[in-house]
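I opened this entry to keep track of what I looked up, going from the overall layout to single residues.

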Amino acid sequence: MHRELTTFARRARASAGRMHPELSLVSYTLLGHLEGSGGSTRATDLADHYALDKSTVSRQVAALERAGLIERRLDPGDHRVQVLYLTEAGTRILAQVTESRREAFGERLAGWPEEDLRRFAAYLLRYNNVEPGGR
């Protein structure tokens with residue numbers, strides 16, 4: 001099972017690079033989170049949510065900012081805090097990559113029976129909702 005999970009993770013990282021050469025899997029994930037949050041996310045919130053080191057998120061955020069995919073703004077409720085927002089370019093690239101990934105998954109799963117797809121989705125949901133340590 002360990003081998004299969006490792007292969008799954010490698011394939012996900014590789015496919016992210018093919019979808020958009022400047023967008024790593026971590027970058028794609030962070031952009032997706034920003035889109036889902038409506039932009040009210042601080043870099044420290046991203047680090048906490050994904051259990052990533054703050055320096056890792058800081059580097060990713062800086063790269064996304066240099067690429068023009070996100071921008072920092074002052075939090076309207078607390079001007080000491082910077083909040084991250086997707087730019088129009090970030091929204092556009094995220095939509096393109098998401099559609100490419102959806103198509104790739106569709107091709108890969110095309111021959112699967114409906115019941116297998118439902119079970120697979122349920123298992124992924126279950127796996128992703130379990131906290132490290134089984135909690």
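I began with the order of elements, and reading from the N terminus I noted α-α-α-α-β-β-α-α for the protein chain. That agrees with the tally I wrote beside it, six helices and two strands. I reminded myself that this is a predicted model, and I have kept that in mind for everything below.

Next I looked up two totals for the chain. Of its 135 residues, 23% are buried. Taking contacts between residues at least 6 apart in sequence, I found that 48% join residues at least 24 apart.

I then turned to one helix pair, α2 (residues 25-37) and α5 (residues 88-109), whose axes come within 11 Å and cross at roughly 115°. Because angles of 65 to 115 degrees count as roughly perpendicular, I entered α2 and α5 as roughly perpendicular to each other. The crossing of α2 and α5 is left-handed.

Which residues of α2 and α5 meet? On the α2 side I listed Leu25, Tyr28, Leu31, Gly32 and Glu35, and on the α5 side Leu94, Val97, Thr98 and Arg101. Sorted by class, this contact of α2 with α5 comprises five nonpolar, two polar and two charged residues.

For the strands I picked Glu71, which lies in strand β1 (residues 70-75). Is Glu71 exposed, partly exposed or buried? Its relative accessibility is 29%, and because the partly exposed class lies between the buried limit of 20% and the exposed limit of 50%, Glu71 goes down as partly exposed. Setting aside neighbours within four places in sequence, I found Glu71 in contact with Val83, Leu84, Tyr85 and Thr87. The side chain of Glu71 also makes a polar contact with the side chain of Arg73, at 2.6 Å. As a further distance, I noted 9.0 Å between the C-alpha atoms of Glu71 and Val61, which are ten residues apart along the chain.

My last stop was Ala51, which sits in the loop between α3 (43-50) and α4 (54-66). I flagged its backbone, since Ala51 has a positive phi of about 55° although it is not a glycine. Ala51 has a relative accessibility of 70%, and because anything over 50% counts as exposed, I recorded Ala51 as exposed.

Definitions and conventions: Residues numbered from 1 in each chain as written. Predicted model: local features only at pLDDT ≥ 70, side-chain atom pairs only at ≥ 80, totals over all residues. Heavy atoms only, no water. Helix = DSSP H or I, 4+ residues; strand = E, 2+ residues; numbered from the N terminus. Buried < 20%, exposed > 50% of the residue type's maximum accessible area, 1.4 Å probe, protein only. Contact = heavy atoms within 4.5 Å. Polar contact = N/O pair within 3.5 Å; in protein donor to acceptor, adjacent residues only side chain to side chain. Axes fitted to C-alpha atoms, helices over the stretch in contact; angles between N-to-C directions. Parallel < 35°, antiparallel > 145°, perpendicular 65-115°, else oblique. Left-handed = near helix turned anticlockwise from the far one by under 90°. Nonpolar A, V, L, I, M, F, W, Y, C, P; charged D, E, K, R; others polar.
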